[in-house]
Amino acid sequence: MVQVLSTLLLVDKKSKQPVYLQIANQLMALIRTGTLQTGYRLLSTRQLALLLKVHRRTVVQAYDELLAQGWLESHTGNGTFVAKHLPEIQLSNKHIGTEKTILPAEKAGFKFVQQPHLDRAFLRSSTRLHLDDGFPDPRLAPLDDLSRAYRSQLLGGNPYSRLGYGDTKGSVWLRQELSAYLNETRGMKTMPENILIVRGVIMGLYLVSTALLQPGDNVVVDAPGWFGANMNFIQAGANPIRVPVDEHGVDVAALEQICQKQTIRMVYVTSHHHYPTTVALRADRRLNLLKLAEQYGFIIFEDDYDYDFHYLSKPLMPLAGADPAGMVMYCGSFTKTISPAFRVGYLVGPGDVITYLAKLRRIIDRQGDQMLENAIAELLHTGVIQRHLRKSVRIYKQRRDLFCDLLRSQLGNYVKFQIPDGGMAVWTQFDPNINLVKLADSALQKDLYMSNGTSGIPPGNSFAEQPNNAVRLGFASSNAEELEESVEIIRNLLGNL
């Protein structure tokens, strides 16, 4: 065994890990695999030190470490042994040093089922140019103001209360400021008790789906729609039922026909700028949807992800602002206002539901980033966010107009689109003979990211269809020069396809 140890224990004196830990960890591994059996007497510290060419105190430290952890036991005057209470592992001598390699960091030793609806790629773009899904331009974000507000929250006040646990519903100050802001800008009638601060719309969807849906419940979703929402409904065991979307939003008449035939638990809708097509839900359909919710008792989950970005007349008020019966759960975030990196959103609903959802949130994520939440509350209180939004809307409208002019003049033979009233992307229908996957791959080679029409959706899923060979092309995150260069790249690629 002395000869075996000389080959199994290796010391790297250039490693950042202390030598005594190298020895201890290697001995531990030999015990785990059964190479050193229970009751085996180890070499004396002096013998092992000579064998490994290290100082005896180093080996003493290694042995002490394993003694403290219970891997070894010491018998005074008789030596140090592998602890007898460890389970014995049978390993024949012929296998010593040749046992099968196990990589637990890569592959679990237990079985688990991977649900296909979760197999959705992350949207990440490191390219210089991007016609993304409709993201804001972080270069416009009030980062200096946010940094100052965050610093003041971090350093000011009572550190025990400031840096300790807070309300699971979120910062009281932010909920107060949000309540006033939503009431003023969206015609809502909220109090802080009606608001739960979440990480974003996707967390709001998860909480509502987990808490309010039961396996087998029917949830109506729009088609085309956002698969990120459908993932949550499928995860909750619900049955998504698709309703078509036309130029006036989701077909509420088709929804009523479904309600007459089966029980609907929830309807998911992006009422302001439908995702992905950007169309707004027409006023008469909004009223009919609220009436149906009251008549048939279903929940409306209103995803209002970019309400503040409207470029024509004053936008239609959210469904939540005209809800007479407490049927709407309203959700938005600051993702489009500031940047996706700042994960602060809000879920608005009846007080009893918000209190219940806060209990669920507690076992998922005890609370959010109170420093960030209070910093955003300060920016709302001082009007920084309101001024930033007015500036952003003006700039994004200019970019929308330029981008649509470029699409029409440079790509008019290849695409069809309607100028969106708001939002940050143009729903663009390409000629059916154009292979969008090939086009997106070619654009990527030119340092330009654009959707290929299928990315981020699990293959073979019933929600995977991208109708009419259409994709969202985001314009808000690019300046004029970048938009011009991006369209030129697409034009040249289409000319060569």
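Over how many bridges do strand β13 and β15 pair, and in the parallel or antiparallel sense?

**View 1. Strand β13 meets β15.** This is a predicted model, and here we zoom in on one strand pair. Strand β13, residues 425-430, pairs with β15 over 5 bridges, in the antiparallel sense. To find your way in, look for Gln-429: its bridge partner in β15 is Ala-470.

**View 2. The open sheet around that pair.** Pull back a little and you get 3 strands in an open sheet, ordered β12-β13-β15, with antiparallel pairing. β12 (415-417) and β15 (470-474) sit at the edges with a single partner strand each, so one side of each has no neighbour in the sheet. Going from one strand to the next, the twist averages 40 degrees.

**View 3. Helix α14 on the sheet.** Now bring in α14, which packs on the sheet and touches β12, β13 and β15. The direction of α14 makes about 145 degrees with that of β12.

**View 4. Helix α14 alongside helix α16.** Here α14 (residues 384-411) and α16 (residues 480-496) have axes that come within 10 Å and cross at roughly 20 degrees. Angles under 35 degrees count as roughly parallel, so that is what α14 and α16 are to each other. The crossing of α14 past α16 is right-handed.

**View 5. Side by side, residue by residue.** On the α14 side, look for Arg-399, Leu-402, Phe-403, Leu-406, Gln-410 and Leu-411. They meet Ala-480, Leu-483, Glu-484, Val-487, Ile-490, Arg-491 and Leu-494 in α16. Sort the residues of this α14 contact with α16 and you get 9 nonpolar, 1 polar and 3 charged.

Methods: Residues numbered from 1 in each chain as written. Predicted model: local features only at pLDDT ≥ 70, side-chain atom pairs only at ≥ 80, totals over all residues. Heavy atoms only, no water. Axes fitted to C-alpha atoms, helices over the stretch in contact; angles between N-to-C directions. Helix = DSSP H or I, 4+ residues; strand = E, 2+ residues; numbered from the N terminus. Parallel < 35°, antiparallel > 145°, perpendicular 65-115°, else oblique. Left-handed = near helix turned anticlockwise from the far one by under 90°. Contact = heavy atoms within 4.5 Å. Nonpolar A, V, L, I, M, F, W, Y, C, P; charged D, E, K, R; others polar. Pairing = 2+ DSSP bridges.
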